[in-house]
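Q: I'm new to this structure, so could you take me through one part of it up close? I'd like to look at the place where chain A and chain B come together.

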Amino acid sequence: MTSDRKMAQTTLEQRPAGGHRVSQWALAWRRLKKNKVAIAGLGIVGIFIVMAAFDRLVALYPPKCILGVSPACQLDGRLHSNSPPGLAYPLGTDITGYDVYSEIVYGTRAAFLIGVGATGLTMLIAVVIGLAAGYFGGWMDNLLMRLTEVFLVIPFFLLLLVFLQVTIKLAPANTGSIWLVVFVIGAFSWPGAARIIRGEVLRVREFEFIAASRQIGASSYRILFRHLFPNVLHIIIVLATLQIAASILTEAAVSFLGFGAPGSNTWGQQMYNSANYVEQAWWGTLFPAVFVTLMVMGFNLLGNGLRDALDPRLRE
Amino acid sequence: MFLVPVFFGITLLVFSIERLAGDPVQLYTALNPHINEAQRQLLRQSLHLDQPIHIQYLSWLSDLLSLNLGFSYSGGSVAVLISQRLWATLELQLIGLTLSLIIAIPIGILSARKRYSVLDVTITSSSLVGTSIPIFFLGVAAILIFGYNLHWFPSGGFQSSDPSRYLYHNLLLDQAWHLFLPATVYTFAILAPVVLLVRSSMLEVLRQDYILAGRASGLSERSVMYKHGLRNALIPIVTYVGLYFGGLLAGAPVTETVFNWPGVGKLFVDYTTQLDFPVIQAVVVIITLMTLVANLVTDVTYAYIDPRIRLE
Amino acid sequence: MPWILGSGSSEVSALPDPLLHVQNLRTYFFTYAGIVKAVDDISLDVSKGETLGVVGESGSGKTVTAQSILRIVPSPGKIVDGTIEFEGKSLMKLREKDMQRIRGKDIAYVPQDPTSTLDPVYRVGEQLSEVIMRHHVISRKDALAKATDLLRSVEIPDPEIRISQYPHELSGGTKQRIAIARALAGDPVLIIADEPTTALDVTIQAQILDLLKELKNRLNVAMILITHDMGIVADVCDRVTVLYAGQVCESGTVEQVFEKPKHPYTQALLTSVPNLALRKEKLSVIPGNVPNLIEPPSGCRFNPRCPYAQQICIDKVPELEPIGEGRSVHCHRWKELDLKSPVAS
Ligand SMILES: Nc1ncnc2c1ncn2[C@@H]1O[C@H](COP(=O)(O)OP(=O)(O)O)[C@@H](O)[C@H]1O
Ligand code: SF4
Ligand SMILES: [Mg+2]
């Protein structure tokens, strides 16, 4: 018994929290660098980060500037509404007279907010459920996985629309806040990720050092967060990256249908505002859609690259 | 059978969203300001609002199960509204899914076979890009180009509204003409994930020992690839396609709005804007039901193609 | 023997009745991490009716060698160099179509790990008759009858029942017998059996070995028996080729090699088999690991683990040197070392 205990402890100590892991990450980074597609994704995301951080510099006009009317953008003093792309406005103007390009630039922050915010919530739920189901097993696993399956079958996009419309009608005070959209997307998107994390926990749980720490009676909390979590972290990173793309896409679709936060300036909202004029002024609808596509693509390419780099089993 | 509890869970959820949204009679009044107090009383009774909440749910559920979908707040039978549009939804979804499978399977196999080649890298990267292109971009762009600009196809709708304008005075031809652009664009919009799925399933199967053993036994490349490779890869493909179909159905509101396609998705968008709950509930329940049926079909197919879990 | 004249390397010991001649074979895997030199200059010979043991630790390139002979190396692997001659004709030059007629018909393969070598979605009979029909002009019905006979010949009880079962309904030992039956389906002259007993229980191991010996005698078929177990070599094989890190250490008859090993690695292998009856013994008792095959050690690849290593072993790659009596050795110091066999009587 005592020798058992000694052995377990040495196994534990042989696995320092830092050193070994770092080299794993360094290795993954080296693999990622070789993957041109992933680097393209990283580049796209990087460009968008710059756009969001320095939006005033990147944009041509201040936010919500009506070309030809607002003092900050007088131009020739004539309202430029639904004007096709030209020298003063490379991507045209929308019905109100906003510069489509500048408004898109100002929408970048909202896109990150939505993507990262909703993903944060999603991953929080997914990690808790995945870790608990995988680690405790038994009835807990059963219950959580049944719940997950229910959420997988729910047509969540439909409920999202109803939910948002109900709040718009019942609590108009909240109207204009994209946080509600973020919250609802985040609260419903976790089932897929939870299942994958659970699967990974089941695999990792068999590692000897975890069995060992269990044997020496380490607390569940300690095992979960000191040992299991670091070992499924790579999967979480991949899932989160892909989920950012999915959240941005969902918000854009919701807003495009007219269920977004009316006061917000997201790309989807911009598409919705211009959708009625798509025949005369396609640029107002199509260019925000192009940027949604680009950002989603950036995160998807990066996420797939990360998956290949962090999980070398998937690729020789 | 785990489908049954899921179904009831979802009906409960749908029901509670309505009741949480407030007094249905008030919502109804908001949409029909002219109704009088007597009519309101009648409505209150027909919705069993005078009963405790669980009785309300049960009576709502029993109405639902007996296909008594009631009337929308704006008048009109929900059953009629839905039955008029269900076919349009199924038509677009099933054609899109079938065509994308037909196209994706050979491409995915080719990509897996020529792994690491320029062709494979091209297919994989363009599929990755493809998964990121939303239908509201691809669809709107296609309609702008081929509808508004070139006038090759109508810019929306299921058929011409005026019979005298049917293509060649034939309803079927007219419908086909309306279907062509949405079906084609939709197929390409949902193609990319299927290609990636087929490719990864094939790669997984191709590294199995029985594939090597088949090659080592002198079997032809065709037999190795299709009789053994594809046949085994179908098992994960079928599973995934069942799930994927559920996702596609839930996305019907976007798809059908883009193509101005009169299906239940478009119906849902229109009536959700009005918070017309009888319609909302019916559409959610029907789409869930179709998703569950798709899962059931998947399970049955799965058991059929995988002898390891074939039911005795 | 035209291959002797054709080959660039120095004189190769002429065996009677040559069947398979592999020379300077190199098979590399072109992976993300780098080029894995899994087989890097391997030569071996098999005569008609003879059983050659191919021994080496896990990862030494045994399986890749077998796959190379059949030209079924999975991507990203490629045969980059070497000659493979079978019954006097070069397999490397054959078109894929003609190669398919050799696989399973002239040279049969029993893959590693019987649990996964049968397709899970087809019945045993279907899988066997598919191979039979590929190599014989025969009706489906007769092929099924022949499949039943094959199962009988590998001593599977109730072959009529087995024929209509799926692989998941069968035990590991039965699956391995079926894999052997499939190898016999084309009436081959050479069978390559890749670790045919490794994945099985000890009692089943013995039965499978007995079956292989029985088949060898009854059908007079040549065999390459891949194993990491010197005990099996002693039990079943006529000659042996020892591999280390994708290269040959030495070749010779089983008697020669067991009596007088010439390579330090062979000696270590023999040490790890204290009692030939104890087949469970693994090779891992040799200290150290199989080297990284992307950047293998310079000179002799065994030098980091070799107790006799000297500067020359790091500086210079040894030649595979024929030393008479049909033996060859791949070591700078074999002559001066004059190794003792740990198992010699
Ligand atoms: N598909 C592959 N991709 C990359 N490397 C491989 C592949 N197959 C085998 N190898 C490498 O080739 C070497 C020899 O493998 P193998 O022939 O299977 O060894 P053995 O059969 O002797 O155990 C190993 O180092 C292995 O990593
Ligand atoms: S060449 Fe040197 S290192 Fe290699 S086996 Fe011979 S003595 Fe050992
Ligand atoms: Mg092997």
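**Where chain A meets chain B**

A: Let's start with what isn't there: the rule finds zero salt bridges across the interface of chain A and chain B. Keep in mind that this is a predicted model. Polar contacts do turn up, and the count between the two chains is two residue pairs, both at pLDDT 80 or more.

So which parts of chain A touch chain B? The elements giving two or more residues to that side are four helices of chain A: H6 (138-153), H7 (156-170), H11 (220-256) and H13 (282-310). H13(A) gives the most, with twelve residues. Sorted by class, the side of chain A that touches chain B has 30 nonpolar residues, along with five polar and six charged ones.

Now for the contact as a whole. On one side there are 41 residues of chain A, and they're in contact with 43 residues of chain B. As for the area, people often describe the size of an interface by the accessible area lost when the parts come together. Here, about 3700 Å² is buried between chain A and chain B, and carbon and sulfur atoms give 81% of that. Want some residues to click on? Try Val153(A), Leu158(A) and Val162(A): they supply 16% of the area that chain A buries against chain B, more than any other three residues.

Put together, you've got an interface with 81% of its buried area from carbon and sulfur atoms, zero salt bridges by the rule, and two residue pairs in polar contact.

Definitions and conventions: Residues numbered from 1 in each chain as written. Chains lettered and ligands numbered in written order. Predicted model: local features only at pLDDT ≥ 70, side-chain atom pairs only at ≥ 80, totals over all residues. Heavy atoms only, no water. Contact = heavy atoms within 4.5 Å. Buried area = accessible area lost by both parts, 1.4 Å probe. Salt bridge = Lys/Arg side-chain N within 4 Å of Asp/Glu carboxyl O. Polar contact = N/O pair within 3.5 Å; in protein donor to acceptor, adjacent residues only side chain to side chain. Nonpolar A, V, L, I, M, F, W, Y, C, P; charged D, E, K, R; others polar.
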